[in-house]
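Me: I'm new to this one, and I'd like a close look at a single part rather than a quick tour. Could you walk me through one strand and what lies around it?

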Amino acid sequence: MMDYELIICIVNTGFTDVVMTAAKEHGARGGTVLHGRGTANKEAEEFFSITVQPDKEMVMILVPSDIKNDVLHAIYQAAGLKTVGQGIAFAMPVTNVVGISSPKNNENSDASKAPVNKV
């Protein structure tokens with residue numbers, strides 16, 4: 001069974017397409033976008049030499065562990081803190097996954113027998 005990681009990227013509103021384009025170029029298949037509001041203060045703005053826009057979007061991307069580093073690096077290059085997207089990204093291990101199809105899983109069309117991938 002394949003191991004997965006959840007990449008979470010928080011960017012300024014309007015930059016989720018940049019994140020997803022970079023991620024897909026390195027093997028990610030899709031993601032989920034959530035809207036939010038940042039709470040950074042003036043000290044953080046001065047420390048990072050950035051201006052913080054309060055409206056944020058969070059992109060969650062589930063990827064196989066073997067491509068995680070490539071996807072994170074691509075996101076950093078396209079939408080990192082030194083870009084107008086001012087994004088940060090990190091990854092977290094995932095212990096169980098259902099509903100993800102892989103070439104091996106496509107042979108089994110019965111949804112009731114969907115495999116649970118355990119890490």
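Reply: Let's take strand S1 (4–12), which pairs with S3 (55–64) in the antiparallel sense over 9 bridges. Helices and strands here are DSSP runs (H or I of at least four residues for a helix, E of at least two for a strand), numbered from the N terminus, and two strands count as paired if DSSP finds at least two bridges between them. Bear in mind that this is a predicted model: local features need pLDDT of at least 70, side-chain atom pairs count only at pLDDT 80 or more, and totals for chains, interfaces and linings use all residues. Residues are numbered from 1 along each chain as its sequence is written, and side-chain values use heavy atoms, with hydrogens and water left out.

S1 has another partner too: it pairs with strand S4 (residues 88–94), again in the antiparallel sense, over 7 bridges. Leu 6 is a handy place to see both pairings, since Leu 62 in S3 stands opposite it, and so does Met 92 in S4.

How much of S1 is buried? Of its 9 residues, 7 are buried, so the strand is largely enclosed by the rest of the structure. Buried means under 20% relative accessible area, exposed means over 50%, and partly exposed is in between (1.4 Å probe, protein chains only). Across the protein, buried residues make up 31% of the 119 residues.

Helix H1 (residues 16–24) is part of the surroundings. Its buried residues are Thr 16, Val 19, Met 20, Ala 22 and Ala 23. They sit on the same side of H1, because they cover an arc of only 160 degrees around the axis; that arc is taken from the directions from the helix axis to the C-beta atoms. These buried residues pack against S1, strand S2 (32–37), S3 and helix H3 (68–79).

Now for the largest nonpolar core, which has 15 residues. Such a core is a set of buried Ala, Val, Leu, Ile, Met, Phe, Trp, Tyr and Cys residues joined through side-chain atoms within 4.5 Å. Ile 7, Val 19, Ala 23, Ile 61, Val 63, Val 71 and Ile 75 touch the most other members. S1, H1, S3 and H3 are the elements that give two or more residues to this core, and H3 gives the most, with 4 residues.

Val 71 shows how this fits together: leaving aside neighbours within four places in sequence, it is in contact (heavy atoms within 4.5 Å) with Ile 7, Ala 23, His 26 and Val 63.
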